[in-house]
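Dear colleague,

I am passing on the structure we spoke about, and it appears just below. Please have it open while you read the notes that follow.

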Amino acid sequence: MSAAAATAGEWPLWEVFVRSRRGLSHAHVGSLHAPDAEMALRNARDLYTRRQEGVSIWVVPAAAITASSPDEKDAFFDPAADKVYRHPTFYAVPDGVEHL
Amino acid sequence: MTEPAPTPVTPTAVTPTRDPRISYDAGTYALRLGDDALVLAQRMGEWVASAPQLEEDVALANIALDLLGQARPLLSYAGSLLPGADGAARSEDELAYLRDERDFTNVQLVELADNGDFGRCVARLLVFSAWQQELYASLAGASDDTLAAVAAKAVKEAAYHRDHATQWVLRLGDGTAESHQRMQAAVDAVWPYVEELFEPDAVTSSLAAVGVAVDPASLRDPVLGYVSAVLERATLAVPSTRVRHSGGRHGIHTEAIGHLLAELQHVARSHPGASW
C-alpha cells in the first residue's frame, strides 16, 4: 500500500466497514489513515467501535475501490426511475420480517 | 477526562472476619496497582493531540481511559481498607489528588517522561502491558473478590494494549535505519526500570500465601519471554544492562513524578471540593 501514499509521511487512506451484529451486512462507517492493513484494523476498532457498534470489521484500501462517477449519474440511475414493476410493492410483507 | 467512566466494579464490603493484617496488606497492594494505572493513564493522556496521527491520538487516549478505569475501583478499594487518621474510608479522589509523591506507590517505569518520543511511549507500554496482562490473568483467580473482579475485566484491556504496543515495536524496530535506531534507544532507556515489576516484598509475600496477590517474581519469565520475542521479531536487541532502578513501591521516585503530579493534582488542590 505504500505506493498509494499521496506524499511522503502521509499514511494511506482506508475505508472501514462494520457489521453491527450477526445477521446484518457490513456497512460503510467512514475512513481513516493507517500505515498498513493490520494497523488500519486496529485504528478502526479504536475509532468506530468504541461504543460497542460492531462485532466484525473490514478495512479496504480506499485506492482499491472503484466508484461510479457523479458524471455518469443520469445514465446509471435514472433509467430505473420508472420501472415500478421492479419493486416488490404488490406483495404483503409477512409479519416479523424486519430486514427485507 | 470528561468521558463517562466505564462501569466501575463496585468494591465489596471488607470481610469482617479477615485478619486485619491481611486487610491492610490488601489495601497496600490495591493502592500499588491503582497507582500504576493512574500514573500511566496520566502519561498516556499527554499524547492526546501530540501523537504522530489523529488515529494514534485516539488509540492512546483509549488506552489511557482503560487505565483510568482500572485505577478507580482499585483506589476506592484501597481507600476502604486503608482509612484515614479519622478512621473514615478515603475516596478515590482523595487518594489521587491529595497525596504527595512519597505516598505514591507506583513502579518508576510508569512515571518516566516520554518527552515527545513515541518510541519511548510504545517501549514502556509493551513492557507494562505485558506485565499487566500476566498479572491480571493470574489475579482474576485471586481469593479477594474485588481484586479478582477488577482483574477479570481489565485483562482483556491489557491484552489489547499489549497488542497495540507490539504492532508499533515491530514496525519501528524493523522499519527504516532511523526508526530502528530510535526504537532501540527507547528500549534501552526503559530497560533499567523493568526488574522493579518483579520484585517481591513482605506485602506480596504475605498476600500471595493466602491467594490474595500474585507473586511478582512468578511473572518475570512469562513477561520477559513475551517482550524478548517481540524485540527479536523487531530485529531489536534485548538490553544487557545490569542497572536496576527500584523503590517506587515504597515511595522512592524519579524527578519525573513531581511534574506529573503537579499537572494531575493542580486543579483539585487549587479548588478544594470543587465539582460540576
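Before the helices are compared, one convention is needed: axes are lines fitted to C-alpha atoms, for helices over the stretch in contact, and angles run from 0 to 180 degrees between N-to-C directions. Helices (H or I, at least four residues) and strands (E, at least two) are DSSP runs, numbered from the N terminus. This is a predicted model, in which local features need pLDDT of at least 70 and side-chain atom pairs count only at pLDDT 80 or more, while totals for chains, interfaces and linings use all residues. Residues are numbered from 1 along each chain as its sequence is written, chains are lettered from A and ligands numbered from 1 in the order in which they are written, and side-chain values use heavy atoms, with hydrogens and water left out.

In chain B, the axes of H2(B) and H5(B) come within 13 Å and cross at roughly 40 degrees. These two helices are therefore oblique to each other (the class for angles that are not under 35 degrees, roughly parallel, over 145, roughly antiparallel, or 65 to 115, roughly perpendicular). H2(B) passes H5(B) in a left-handed crossing, meaning that the near helix is turned anticlockwise from the far one by less than a right angle, with clockwise giving a right-handed one. For H6(B), residues 145–173, and H9(B), residues 220–233, the packing angle is about 30 degrees, with the axes 8 Å apart, so this pair is roughly parallel, and the crossing is right-handed.

Turning to internal space, the structure holds 3 cavities of 30 Å³ or more, a cavity being a set of points on a 1 Å grid over the protein atoms alone where a 1.4 Å probe fits but cannot get out, and lining residues having an atom within 4 Å of a point. The largest has a volume of about 120 Å³, the volume being the space filled by probe spheres set on the points, which are joined across faces, edges and corners. Of its 14 lining residues, the closest to the centre are Tyr29(B), Trp131(B), Thr204(B), Pro216(B) and Arg249(B). H1(B) gives the most to this lining, with 3 residues.

Finally, two residues that are not glycines have a positive phi: Gln52(A), at about 60 degrees, and Ala49(B), at about 80 degrees. Gln52(A) lies in the loop between helix H1 (37–48) and strand E3 (56–61) of chain A, and Ala49(B) in the loop between H1 and helix H2 (54–81) of chain B.

With regards

Note on methods. On a 1 Å grid over the protein atoms alone, a cavity is a set of points where a 1.4 Å probe fits but cannot get out, and a pocket is an open set with protein on both sides within 12 Å along at least five of seven lines; lining residues have an atom within 4 Å of a point.
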